[in-house]
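Student: Please take a close look at one part of this model for me: the place where the two chains meet. I would like the relation between the copies, then the elements behind it.

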Number of protein chains: 2
Amino acid sequence: MEHNGGLGERRIIEIIENQLEIMPRMPIPFGDDVSAYEIGNGNLAVLKTDMLVAKTDVPKGMSLWQAARKAVAMNISDFAAKGVKPKVILVSLGLPKGLSKKDIEDIGKGLNAGAREYGAYVVGGDTGEASDLVINISLFGITKKNLIMLRSGAKPGDLVAVTDCFGKTAGGLKILLDDLSAPPGTRKVLIESVLMPHARLKEGLALSQTKAITAAIDSSDGLAWSLHEIQKASNVGVSITKFPIAKEAKRLAKINGLDPFELTFYGGEEYELVLTIKPHLWRKAEKAAQKAGGKLIYIGKTTAKRQAIFEINGKKSTIERRGWEHFKSSNA
Amino acid sequence: MEHNGGLGERRIIEIIENQLEIMPRMPIPFGDDVSAYEIGNGNLAVLKTDMLVAKTDVPKGMSLWQAARKAVAMNISDFAAKGVKPKVILVSLGLPKGLSKKDIEDIGKGLNAGAREYGAYVVGGDTGEASDLVINISLFGITKKNLIMLRSGAKPGDLVAVTDCFGKTAGGLKILLDDLSAPPGTRKVLIESVLMPHARLKEGLALSQTKAITAAIDSSDGLAWSLHEIQKASNVGVSITKFPIAKEAKRLAKINGLDPFELTFYGGEEYELVLTIKPHLWRKAEKAAQKAGGKLIYIGKTTAKRQAIFEINGKKSTIERRGWEHFKSSNA
């Protein structure tokens with residue numbers, strides 16, 4: 001079925017952007033994960049808005065509390081990728097008919113839980129009636145202009161790293177939606193990754209302080225997509241030589257005959273950071289991530305040739321520019 | 001029919017707020033028109049988010065361009081009421097299936113038109129699929145803390161004023177939805193007020209500079225509702241002695257046998273400012289509004305007794321605490 005004349009999410013954004021008059025001296029260009037406004041003394045007001053629509057973003061098995069918390073976490077993940085601490089959150093709710101007082105309390109509690117988990121507060125918002133449950137989150141924070149991590153600074157020869165292994169949410173979604181089987185422990189980890197996503201805010205804030213990071217993005221649209229976005233914004237290529245698959249995803253793939261490469265590179269709704277790092281500052285970055293309670297996993301390098309290659313055991317394959325896209329994935 | 005267990009929009013907001021941990025030293029309390037965060041040197045970052053849902057906010061006869069422009073204008077109206085200049089706008093779009101490239105261009109053009117009309121720029125956003133057309137706007141601006149106009153500063157004996165007469169949008173909506181008849185000139189003005197609402201930003205900015213304003217709100221939920229909100233937030237009463245009905249609304253009421261009081265006080269989606277003013281600074285405020293290209297219309301006074309009274313030609317009536325509320329109005 002064709003949606004919106006066959007237009008995908010990214011094409012729609014492009015069409016909208018083409019109608020807009022561009023603000024002079026815009027500190028962060030369209031297409032990065034957040035927007036900003038210069039407020040003097042080298043500071044940026046950083047802004048982000050993103051809409052969770054239950055129909056496409058809330059899988060079977062996710063509670064209203066979890067959905068509300070996720071709406072906050074998925075926005076904070078973008079702040080994490082830019083190294084910006086969220087201060088306050090505004091919420092717009094579109095509520096379908098038939099919700100009970102308890103349902104609305106659960107939504108409120110989930111919003112608060114998501115905010116407080118990352119040190120932010122919900123300070124305002126709005127509600128109205130809608131056909132779907134819609135939770136729109138707006139974030140605000142402040143950062144030094146010279147600390148913000150954009151998508152666009154990678155140079156050939158930088159090291160490519162991620163904050164954890166991949167494939168858990170893609171696996172978890174398959175369990176929730178397609179009833180795949182898995183041992184209880186594996187099942188729990190995979191489902192948890194979908195229902196209780198976690199933004200890598202501590203890591204992002206610590207990494208931005210190191211000045212080691214040349215480009216950063218979160219992996220909400222999938223690892224492959226994130227690599228391609230850095231490639232496009234920084235005008236480099238990437239050569240991935242490590243296969244960062246989570247052990248639970250690997251196990252699920254084996255049991256159910258799934259393609260582990262597909263789970264790892266083309267999943268989505270997975271909120272890790274994908275980073276490029278100055279080689280001589282690798283140790284500094286790694287230590288910062290560890291001190292923040294996380295880790296940095298080396299997976300490859302950036303290259304001068306603009307192509308995304310996965311190269312392991314002497315075998316080369318192309319990492320395709322595709323990923324998680326609601327519009328196209330739901331009925332394509 | 002019962003919606004959400006019979007809960008209205010304002011009750012839902014209350015339930016949500018009760019689940020939230022309150023930010024210490026919140027510069028603007030819940031329940032005012034905007035939210036804020038202190039950024040030092042006496043400055044506030046001011047934030048606002050509001051969602052337009054086509055099903056309840058876009059009447060028959062309104063184009064996509066107009067709907068997008070309105071989504072911006074209705075948010076800017078709240079900034080106007082607080083005396084804050086909007087700097088940048090973020091947009092989240094929920095798009096139903098079946099929109100064409102032209103439709104999306106029209107939405108983009110409408111967003112840009114709304115932003116530029118008030119000197120702001122759209123600098124970012126997001127899009128996804130939804131059942132309804134949903135346009136969520138987030139505004140950001142900066143102001144001096146001591147210039148912001150809240151709902152809560154009115155004192156007994158202040159003068160109550162509005163920036164224009166009322167009843168045009170309520171009348172226009174009746175023409176669009178119930179096919180009421182009106183002479184062409186009247187019809188045009190009334191419909192225009194619905195399709196092309198205008199935020200009183202120039203007036204709001206000028207008035208905030210005068211320090212004459214003790215409380216302010218816009219009238220998007222209706223004049224009666226705005227008066228009650230000021231009353232509640234400032235702990236005063238209001239005695240309205242002038243009947244600020246627009247001549248076109250008066251004409252429509254006469255032709256169609258409508259209650260002019262209902263049109264004037266209990267309409268909605270009308271974006272005037274409702275203000276309370278220190279009596280000795282009335283002339284200063286009036287001049288500021290006029291210099292900004294607008295006007296101030298005196299309609300009454302605030303009182304010590306907490307009641308909202310309309311008193312004209314010796315006859316008293318109570319202004320009820322009711323107004324435009326989507327949830328309850330659509331099927332009640």
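Tutor: This is a predicted model. Begin with the symmetry. A turn of 180° and a shift of 0.0 Å along the axis lay chain B on chain A, with an RMSD of 0.0 Å. That is how a two-fold axis relates its copies.

Now the interface. On the chain B side, 65 residues are in contact with 65 residues of chain A. The strand β4(B) supplies the largest share of chain B's side, nine residues. Sorted by class, the side of chain B that touches chain A holds 29 nonpolar, 23 polar and 13 charged residues. Which surface does each copy use? Of the interface residues of chain B, 100% are also interface residues in chain A, so the copies meet through the same surface.

Next, the sheet that β4(B) belongs to. It is an open sheet of five strands in chain B, ordered β1-β2-β5-β3-β4, and its pairing is mixed. Two strands stand at the edges: β1 (35–40) and β4 (121–129) of chain B. Each has a single partner strand, so one side of each lacks a neighbour in the sheet. Thus the strand with the largest share of chain B's side of the interface is also an edge strand of this sheet. On average, neighbouring strands are turned by 15° against each other, direction ignored.

Go inward from the edge. Strand β3 (residues 86–95) of chain B runs antiparallel to β5 (residues 134–144) of chain B, and eight bridges join them. One bridge partner can be named: B:L93 is matched with B:I135 in β5(B). A helix packs on the sheet as well. Helix α3 (residues 64–82) of chain B touches β2 (43–53), β3 and β5 of chain B. The direction of α3 makes about 145° with that of β2(B).

Chain A offers a view of helix α3 at another contact, within the chain. The domain assignment splits chain A into domain 1 (4–147) and domain 2 (159–329). Their C-alpha centres lie 22 Å apart. The contact between them takes 23 residues from domain 1 of chain A and 26 residues from domain 2 of chain A. What gives the most to the domain 1 side? Helix α3 (residues 64–82) of chain A does, with eleven residues. By class, the side of domain 1 of chain A that touches domain 2 has ten nonpolar, six polar and seven charged residues.

To recap: β4(B) gives the largest share of chain B's side between the chains, and α3 of chain A gives the most to the domain 1 side between the domains.

Note on methods:
Residues numbered from 1 in each chain as written. Chains lettered and ligands numbered in written order. Predicted model: local features only at pLDDT ≥ 70, side-chain atom pairs only at ≥ 80, totals over all residues. Domains from an automatic or database assignment. Contact = placed C-beta atoms within 7 Å. Helix = DSSP H or I, 4+ residues; strand = E, 2+ residues; numbered from the N terminus. Nonpolar A, V, L, I, M, F, W, Y, C, P; charged D, E, K, R; others polar. Pairing = 2+ DSSP bridges. Axes fitted to C-alpha atoms, helices over the stretch in contact; angles between N-to-C directions. Least-squares fit on C-alpha atoms with pLDDT ≥ 70 in both.
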